[in-house]
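Thanks for coming, everyone. Let me put the structure up, and then I'll walk through it.

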Amino acid sequence: MADNQLGRTVDALSRRKFIATAGATGALAVAGCTENEASDEDGLSGEVVIKGSSTVFPVSDAMAERFMEEHEAVNVTVDSTGSGGGFENHFCPGDSDINGASRPIKSEEESLCAENDVTPMEMQIAGDALTMAVSPENDWVDCMSFDEMAQIWQEDGAETWADVNSEWPDEEFTLYGPDTTSGTFDWFTENVVGEGGNHRTDYEPTEDDNIIVEGLQDDPYAIGYFGYAYYEENSDRVKALDVKESEGDDCGEPSLQAAQAGEYPMARPLFIYPSEEAVQREEVYEFMKFFLENSSAEWIADEIGYVPSSQEDADANLSALEDAAGN
Amino acid sequence: MSTDPIDADLTRSVDGRIAKERLYHWLLFGCAALTIFVTVSIVVTLAADAVTFFRQVNALGFLTGTTWESSRDTFGVLPLVSATLIVTIVSAMVAIPIGTAAAVYLSEYASDRMRSVLKPSLEILAGIPTVVYGYLALVYLTPWLRTAGLELNLFNLLSASIMVGIMIIPMVSSISEDAMSAVPDSLRQAGYGLGATKYEVSTGIVIPASISGIFSSYILALSRAIGETMIVVMAGGMQARMFDITNPFANLFNSGQTMTAAMVHAVTSDATGGTPEFYSMFAIGLTLFFITFAMNLLSNRIAMRYREEYQ
Amino acid sequence: MTTADESSGSWFGADGKVSQRRGLLFKLSCLGATLLALLLVLVFLLYVANDAIQPFTADSGWLATVAATVVLPALALAAYYYRDSEPSGSVAYISFGLPIAATLLAGGVVIVFRHVISPHGWLALAIAGVVAAAVLEAHARTRTGSALERLAVVVVVPWFALIGIPGFSVDYTVTTPFLGQELFDLTMSVPTLIPSLRGLIVSLPILPTAALSLLASFTLPIAAVAAMHVRRVRESDRAGVIGGVATFVAAGAGMVAAPIAGVAPETGVIAATVIGMPVGLYVESVQRRGEGMAGLAFPVVIGGGAVLAAVLVNALGFAGPELWLDWQFLNSSHSTTPADAGIYPALVGSVMMLTVVAISAFPIGVGAAVYLEEYAPNQGRPGQLVEFLEINIANLAGVPSVVYGVLGLALFVRTAGLQSGIVVVGGFTIALLILPIIIVSAQEAIRGVPDSLRQASYGMGATKWQTVRSVVLPRAMPGILTGTILALGRAIGETAPLLMVGVAAVVRIPPNSFFGLFSAMPRQIYSWSRLIATDFRYGVLAAGVLTLLIVMLMMNASAIVLRNKYQRNS
């Protein structure tokens with residue numbers, strides 16, 4: 001039956017892999033290359049390969065786990081390769097089916113994909129609510145505007161609390177934030193620090209958001225920002241600030257509900273990019289359908305600490321998926 | 001094959017047997033030649049993609065730049081090199097004294113029974129996967145050092161370096177011990193004959209006589225430390241920082257990114273950089289390959305010298 | 001310095017005492033350094049074990065019961081052996097360790113038969129192999145034709161027995177050069193032309209059950225080996241037959257008993273064979289030597305104590321420790337809930353990857369070593385080339401593993417066009433990494449074969465290849481195997497190359513072919529270390545690390561045991 005198995009393997013692989021596969025199979029046939037594809041009741045089998053951003057990873061991983069509880073024979077593998085690395089090395093060359101990204105795709109990446117006949121479809125799913133937090137002992141500030149945050153965090157900006165607002169104490173602040181290689185840092189630089197300049201570098205950057213929490217807890221004049229998931233776990237140890245985009249706006253309390261309703265301005269959108277070619281395959285289509293249907297579910301907030309997407313977004317994504325799959 | 005013995009089995013053709021012998025000869029040669037192919041393909045594949053990288057990034061800027069911010073396409077390799085040097089130096093400070101002392105003990109003092117326990121144990125130490133060492137550094141060593149009063153970042157070069165040091169101890173000890181055991185016993189006897197004590201023989205005769213072997217073990221171990229990846233990735237952090245001369249200890253207590261960590265970073269992290277960051281991996285890889293290659297070559301040369309002396 | 005008189009005393013000066021103290025200090029500091037390195041790691045490992053097993057979360061009643069039924073009797077026995085009967089002590093620890101090691105090995109074999117090759121596939125492979133060997137033998141006896149004919153038969157017969165001429169399919173789009181317009185699609189697929197004997201057997205309408213297939217094709221050869229061994233050491237045909245039959249019967253009993261214990265009959269056969277054979281042989285050897293028989297009581301006492309403890313804590317209702325490393329962990333896949341997370345797919349992935357590594361690196365590595373030691377010229381220009389080869393191999397052994405990862409990515413994924421993150425890509429990449437290690441250790445083993453043996457072989461008219469095949473390799477094989485196992489121990493722990501070739505962080509289904517996506521244990525450990533929840537960092541991760549370490553230690557320990565045995569024999 002080695003022959004049948006070989007045939008099936010070949011069918012499953014794209015043509016550019018054929019020659020290599022055939023050669024290597026010859027070598028390994030002796031070792032007994034057994035291909036016993038199991039399939040469950042609805043006959044769905046195959047594999048779905050997800051690469052991309054480590055920020056999207058927790059969502060994709062949870063989705064994969066839940067999907068595979070229903071479809072045991074579909075192998076959904078999830079990897080965190082970084083948004084860019086995922087597009088560059090896996091998605092655009094056609095090796096992965098879905099790429100998670102913490103930012104929209106860049107035009108160079110789109111053209112790279114086009115060269116290989118891969119058509120990415122942008123879908124905004126869930127989001128991460130950035131939280132600006134201070135020590136629980138800090139009693140002078142409850143709400144901050146983007147402008148004030150920019151003053152604190154931009155290069156050559158304020159040094160003391162009083163520099164920002166004269167009613168605040170004349171004490172130097174200690175700054176904690178995510179390190180420069182993280183997507184959170186990038187989003188904050190681009191959207192909050194904004195045109196005003198670069199993100200300052202003389203703060204305490206760290207890869208582990210727990211360190212930010214520790215730092216804030218110990219120092220009444222400290223301020224820092226991190227993903228909401230960390231705040232949720234440590235809400236008794238630090239005090240989160242309300243934020244508003246400009247002076248005239250209402251203050252928005254950091255909560256996943258507010259972010260989902262669009263009332264919290266520091267919600268950072270997350271994306272997944274399935275390729276149109278991949279969703280033609282039934283297992284990818286079914287997985288995407290499951291993913292999108294669940295992208296507005298409550299458990300995303302409860303279990304992962306991310307912002308579920310709105311019902312409208314989920315519906316729009318679903319109909320885009322239907323169009324692409326040709327149903 | 002002029003020295004082939006005469007074929008005694010007259011019923012089989014001699015030609016066939018010679019052909020068969022030739023076939024095996026070339027087949028085996030092919031196996032050996034494959035290693036050349038591996039080296040060549042390392043150089044070629046790394047160089048080809050490194051060229052792509054240097055088309056987009058100034059090579060001089062790469063080699064002399066002091067900032068590495070791959071997400072903003074700023075590629076100066078010096079922060080990575082400085083972190084690599086820190087790890088190498090600190091790990092050497094851990095491994096060289098301990099490794100050498102262990103080698104002296106095993107070669108000069110240990111009873112047979114002791115050796116039969118200690119040597120395999122050290123060998124098993126060498127077999128522990130680096131991902132395990134990385135885990136030990138991150139989850140146990142860093143908290144211990146923090147409890148001991150050091151103001152360490154959760155990810156820091158100090159505990160990563162100490163772990164790398166522990167990892168390369170068996171390398172230093174086993175190669176140095178081989179070198180010491182190779183010192184002819186007549187030299188030791190001559191020493192004792194002159195009335196020297198065991199201590200004097202060990203430090204005054206055995207170590208100097210095997211010094212080239214010992215040095216070659218150091219170089220090999222250091223080249224291993226330079227190329228070590230998982231420990232520094234897991235415990236050392238991912239923040240590329242230039243060496244801060246004003247505050248040397250801060251460099252140890254903070255996170256840092258070595259060359260190998262930067263390569264892993266290029267394929268796993270959530271950096272938003274595009275093409276050049278990915279290709280930077282090949283440029284760093286090539287640099288790393290040449291550094292370790294040169295060190296191994298050097299170590300070989302030194303070891304060669306000592307081999308000539310006593311055989 | 002017994003004859004030191006007055007004058008020599010003044011010669012030496014009075015520093016005799018001083019130097020003695022200095023020497024002692026030096027010796028102790030050297031010993032201290034050695035022990036420091038070992039103890040440090042030992043302490044770390046104890047912490048890992050503590051986190052993975054959490055013995056102190058158990059009820060004190062549970063701990064007391066276990067101490068009373070298992071630990072105390074074990075200590076008492078150990079004290080007895082230490083004081084009164086030293087040979088029994090070594091018998092005790094071997095007879096205790098052997099079943100554990102064999103059980104782990106049996107677990108590996110079960111994984112192989114579950115995921116790498118099915119019992120039927122193995123049966124077919126075995127039958128086809130035997131038939132091919134028989135045909136070759138018959139041909140060699142009946143035909144004395146030309147070497148070319150012989151060569152053709154040697155190639156063709158195994159080929160048809162095992163591979164046949166498989167069908168193939170082509171799916172290629174023909175485009176105009178330069179412009180790249182599609183002209184037409186060339187799609188065709190040819191069914192199997194000539195099926196292999198192996199394929200024919202597998203597709204037979206009636207096959208014995210999986211367990212019976214294993215009994216015939218797995219247990220039978222092992223029983224034969226056992227029989228031969230017993231026959232040789234006891235110098236009695238009858239004892240040999242008894243040994244073989246006993247092995248076979250034990251495996252059959254395993255098959256029958258397995259469903260009662262709630263596992264598949266195949267598992268029963270494998271477990272009974274892989275555990276029963278070595279344990280039986282060891283008991284036989286102890287009994288034959290008639291020394292240290294008392295040691296055999298040790299595993300029995302501990303096993304009995306464990307069973308008693310299990311019954312007692314069950315009856316008394318004591319809760320055991322909250323294990324992270326438990327059966328559920330070994331048998332399930334990664335989950336976002338720490339308590340449900342497991343390592344099974346990664347375990348299978350590691351086994352399959354190691355299979356690829358062994359199959360690809362071992363023959364090439366040994367071939368290269370044989371060339372360098374037996375064939376390579378050592379003079380003139382070719383000699384220089386060989387010297388260059390040797391230096392090159394030494395250097396390759398020192399190239400950082402992460403560079404090999406980049407090489408694997410470039411060579412197998414981008415150039416050869418294989419999918420990233422599949423078993424063969426990971427396996428080939430790691431194989432390149434350990435190839436130099438295998439070559440160097442095989443060279444050492446071959447160098448250890450005395451030259452007189454080679455000369456004797458040549459003197460009897462053997463050719464070079466015949467000498468290598470029947471004299472050098474058999475003699476060097478234990479050494480080669482030791483080196484290979486150590487290298488494979490390194491291979492199983494390598495992580496960085498796997499990251500580079502795109503082995504995914506989470507794979508929940510074990511690969512079902514060598515071209516399937518896989519994860520390996522160290523890769524899974526690394527992805528756990530990146531997760532936020534503390535339970536992953538301290539609990540799940542510790543369990544994963546302990547699993548990996550146990551597998552690795554078993555491999556290294558068996559290599560070391562093999563080497564010690566071999567060194568003692570030669």
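Helices and strands here are DSSP runs, at least four residues of H or I for a helix and at least two of E for a strand, numbered from the N terminus. With that in hand, look at E235(C). It sits in the loop between α8 (210-234) and α9 of chain C. Its phi is positive, about 50 degrees, and it is not a glycine. Is E235(C) buried or exposed? Its relative accessibility is 73%, over the 50% cut-off, so E235(C) counts as exposed.

One caution before I go on. This is a predicted model.

Stay in chain C. Q54(C) is another non-glycine with a positive phi, again about 50 degrees. Find Q54(C) in the loop between α2 (16-53) and α3 (60-84) of chain C.

Now into helix α9 of chain C, residues 237-261, where I242(C) lies. I242(C) has 46% relative accessibility, so it counts as partly exposed. Its C-alpha is 9.3 Å from that of R231(C), and the two are eleven residues apart in sequence.

Next, the chains as wholes. Chain A has 14 helices and eleven strands. Of its 327 residues, 60% count as buried. Take the contacts in chain A with a sequence separation of 6 or more: 73% of them come from residues 24 or more positions apart.

Chain B has 13 helices and two strands. Its length is 311 residues, and buried ones make up 58%. For contacts in chain B at least 6 apart in sequence, 71% join residues at least 24 apart.

Chain C has 21 helices and two strands. It runs to 570 residues, of which 46% count as buried. In chain C, residues 24 or more positions apart account for 74% of the contacts with a separation of 6 or more.

On to a helix pair in chain A. Start with α3(A), residues 57-70. It has 14 residues and reaches 20 Å from first C-alpha to last, close to the 20 Å expected at 1.5 Å a residue. How many of its residues are buried? Ten of the 14, so α3(A) is mostly covered. Among them are F57(A), D61(A), A62(A), E65(A) and M68(A). The cover includes β1 (46-52), β2 (74-78), β4 (123-134), α12 and α13 (299-304) of chain A.

Pick out α12 from that list. Helix α12 of chain A covers residues 282-294 and packs against α3(A) at about 115 degrees, axes 10 Å apart. The crossing is right-handed. From α3(A), the contact uses V59(A), S60(A), M63(A), A64(A), R66(A), F67(A) and E70(A). From α12(A) come E283(A), E286(A), F287(A), F290(A), F291(A) and N294(A). By type, that contact divides into seven nonpolar residues, two polar and four charged.

Now the interface between chains B and C. Which quantity should we quote for size? Often it is the accessible area lost when the parts come together. Between chain B and chain C, the buried area is about 7800 Å², and carbon and sulfur atoms give 76% of it. L28(B), Y135(B) and Y199(B) supply 7% of the area that chain B buries against chain C, more than any other three residues. The contact takes 84 residues from chain B and 88 from chain C.

For a local view that includes both chains, go to A496(C). It lies in helix α19 of chain C, residues 496-500. A496(C) has a relative accessible area of 1%, under the 20% cut-off, so it is buried. What does A496(C) touch, leaving out residues up to four places away in sequence? Two residues of chain B, T229(B) and M230(B), plus S401(C) and V402(C). Also, A496(C) and Y526(C) are 30 residues apart in sequence and 9.7 Å apart C-alpha to C-alpha.

Last stop: helix α15 of chain C, residues 401-415. Its 15 residues reach 20 Å from first C-alpha to last, close to the 21 Å expected at 1.5 Å a residue. Of those 15, 13 are buried, so α15(C) is largely enclosed by the rest of the structure. Just after α15(C), G417(C) takes a positive phi of about 75 degrees.

That's the tour.

Conventions. Residues are numbered from 1 along each chain as its sequence is written. Chains are lettered from A and ligands numbered from 1 in the order in which they are written. This is a predicted model: local features need pLDDT of at least 70, side-chain atom pairs count only at pLDDT 80 or more; totals for chains, interfaces and linings use all residues. Side-chain values use heavy atoms; hydrogens and water are left out. Axes are lines fitted to C-alpha atoms, for helices over the stretch in contact, and angles run from 0 to 180 degrees between N-to-C directions. A crossing is left-handed if the near helix is turned anticlockwise from the far one by less than a right angle, and right-handed if clockwise. Contact means heavy atoms within 4.5 Å. Ala, Val, Leu, Ile, Met, Phe, Trp, Tyr, Cys and Pro count as nonpolar, Asp, Glu, Lys and Arg as charged, and the others, Gly among them, as polar. The expected span of a helix is 1.5 Å times one less than its number of residues. Buried means under 20% relative accessible area, exposed over 50%, partly exposed in between (1.4 Å probe, protein chains only). Buried area is the accessible area (1.4 Å probe) that two parts lose on being put together, summed over both.
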